[in-house]
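Subject: Structure handover

Hi,

Here is the structure I promised to pass on. Please open it alongside this note.

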Amino acid sequence: MYREKHSVVVLGGGVAGLSAGYVLSGAGADMVLCERGPTVGGLSRTVVHGDFRFDLGGHRFFTKNEHLEKLLKDLMGEEFVVTPRSSKIYLRGLYFDYPLKPANALFGLGIGTTARIILDYAYQKIKNILFKPKIVSLEDWVTSNFGRTMFNLYFKEYSEKVWGLPCDRISEEWVATRIKGLSLTVAIKDALFKSKSRKVATLIERFLYPELGIGRISDRFREEIEKVNPVYTGCSAVQVNHDGERIKSVDIMSERSEGTVEGSQFISSIPLTHLVAMLEPKAPADVIRATKELRYRSTIIVVIMIDMDRATDLTWIYFPEKKIPFGRIHEPKNWSKFMAPMGKTAVVAEYFCFENDDTWKKQDHELVIGTIKTLAGLGFIKKEDVLDSSVVRIRKAYPLFEVGYEKNYERIIDYLQTFENLQVIGRGGMFKYYNMDHAMESGIKAARNIMEGRHETLEADQKKEYMEEIYRK
Ligand SMILES: Cc1cc2nc3c(=O)[nH]c(=O)nc-3n(C[C@H](O)[C@H](O)[C@H](O)COP(=O)(O)OP(=O)(O)OC[C@H]3O[C@@H](n4cnc5c(N)ncnc54)[C@H](O)[C@@H]3O)c2cc1C
């Protein structure tokens, strides 16, 4: 058993924890970062498999925050390549633009369906005027904004595949932020009056990508932190010790040793529910009950390596239909040519599931065989070209926004806020649907809070002005 002491202890070495460590270390603060996995990166890591490299589902870095973009560009230097983005939805044997473009959705499935969508949409608009709809779920939001035909065609199956819940149990909070740029009225007007087609707000045509995979961002963060402070990988936090007001220390465990790290300030990016379960003395019973009600969705990545130069020419392809077992594929070589050897490529398929459900429990070879069969059936690959495969299971990949989750979430956050020296950050750590940029912002913000003696829990995406201000410093 060893003991060590640092000013700041950061739990979790995904991009959120690493960003916090990077800012603290850059300012000369004394900190340590503990990461359970064998490498840093968390969900944003890149796996190396022989001569192939793949992300856990292609990761596109994008931020609207120019300060964060500059920080990343400075960090990555020449490693960033600019990658064009072109994604499609594959539905009923046809390709549709992703993000869904209203005109494409409206007219893509033939005149009969277009008429049904428009009539249904008009009916819904009148209904909305007469009876103001109560919007609680994804289904409420989409039917109220686009009509039931659009909901059934484009949203129902994919949402249920991703979340594993019926759409009337998925909170509208998730969908409203994802597809708010879509407008059928605009599409209909554009079609009738031939005005210039407008761009959906969420459409981003190009993005920055490290030529050796998204995991390089985390590797670079680590390299910079390690110039001044330790980063322990293969090191799990197993118990978080407190006195009711302050966190005192964290018990950690690695393959070779066990120990305790004391600190003055603590930053946690590990899943919120895990953090509460590790508290000692135990959290109050109602807080523990609330953690049992908050669920995460998991994912399985199945990678098929192939003896052909390219299988697709797209960034991502989405598969809403339930008869196709995976939800999305990407080909790392379309993101950077260095992700596969010359003349060979790989296709990465993402399966959405719950930990320990039937998909999760499938043997790796079953998943591989099923993926090859489906990809070959869709015409992307030939079975005889398959060279190799890899399967990676990822627990707690997506916080699950079930209708009514807020009350449990708020109870947990209220309780954790009673600890004056603890900040939670990141996607799983804050139970927010954060992309990398928001996860990084939350880590940077936590570091700044410590450096400036603040105790507050702002949400990165809601406090843009604050973020702008701290980057300027
Ligand atoms: C399939 C998929 C595709 C995605 N695509 C994109 C994309 O294109 N663009 C984008 O911006 N974002 C994307 N994201 C989101 C992105 O992955 C996350 O926003 C980001 O990686 C979150 O970083 P984080 O540090 O908050 O969390 P994590 O990466 O989850 O980091 C938390 C870390 O804590 C560690 N940990 C857990 N328990 C312990 C413990 N007890 N002790 C020590 N360490 C522990 C974990 O091992 C992990 O490394 C995608 C996510 C998924 C699942």
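Below is what was found, from the whole chain down to single residues.

Please keep in mind that this is a predicted model.

**Overall**

The protein chain has 473 residues, and 44% of them count as buried. Its secondary structure comes to 17 helices and 19 strands. Take the contacts in the chain with a separation of 6 or more: 72% of them are between residues 24 or more positions apart.

**The ligand site**

The ligand is surrounded by 36 residues. Five glycines are the closest: Gly12, Gly14, Gly42, Gly57 and Gly426. By type, the shell holds 17 polar, 13 nonpolar and six charged residues.

Which elements supply at least two shell residues each? They are the helices α1 (15-26), α15 (427-430) and α16 (436-451), plus strand β10 (235-242).

Where does the ligand lie relative to the domains? Shell residues come from both domain 1 (2-44 + 60-84 + 209-294 + 402-472) and domain 3 (295-399), so the ligand lies between the two.

**A seven-stranded sheet**

One sheet is worth a look. This sheet is open and has seven strands, in the order β7-β6-β15-β16-β17-β14-β18. The pairing is mixed. At the edges stand β7 (94-98) and β18 (386-399). Each of these has a single partner strand, so one side of each lacks a neighbour in the sheet. On average, neighbouring strands are turned by 25° against each other, direction ignored.

Helix α13 (residues 364-377) packs on this sheet. The helix touches β14 (296-306), β17 (345-353) and β18. Its direction makes about 65° with that of β14.

At the β7 edge, β6 (residues 87-91) and β7 run antiparallel and are joined by five bridges. One pair to find there is Tyr90 with its bridge partner in β7, Tyr95.

**Gly370**

Helix α13 also contains Gly370. Is this glycine buried, exposed or partly exposed? Within 10 Å there are 17 other C-beta atoms. Buried takes 20 or more, and exposed takes 12 or fewer. Gly370 therefore counts as partly exposed. Pro325 is 45 residues away from Gly370 in sequence, yet the C-alpha to C-alpha distance is 8.3 Å.

**Backbone points to check**

Most residues other than glycine have a negative phi, and most peptide bonds are trans. Three places depart from that pattern.

- Glu280 and Pro281 are joined by a cis peptide bond, with omega at about 0°. Pro281 sits in the loop between β13 (279-280) and α11 (285-293).
- Arg92 has a positive phi, near 50°. This arginine is in the loop between β6 and β7. Arg92 has 10 other C-beta atoms within 10 Å, so it is exposed.
- Asn356 also has a positive phi, about 75°. This asparagine is in the loop between β17 and α12 (358-361). With 10 C-beta neighbours inside 10 Å, Asn356 is exposed.

Both loops with a positive phi follow strands of the sheet described above: Arg92 comes between β6 and β7, and Asn356 comes between β17 and α12.

Best wishes

Notes
Residues numbered from 1 in each chain as written. Predicted model: local features only at pLDDT ≥ 70, side-chain atom pairs only at ≥ 80, totals over all residues. Near = placed C-beta within 6 Å. Helix = DSSP H or I, 4+ residues; strand = E, 2+ residues; numbered from the N terminus. Nonpolar A, V, L, I, M, F, W, Y, C, P; charged D, E, K, R; others polar. Domains from an automatic or database assignment. Pairing = 2+ DSSP bridges. Axes fitted to C-alpha atoms, helices over the stretch in contact; angles between N-to-C directions. Contact = placed C-beta atoms within 7 Å.
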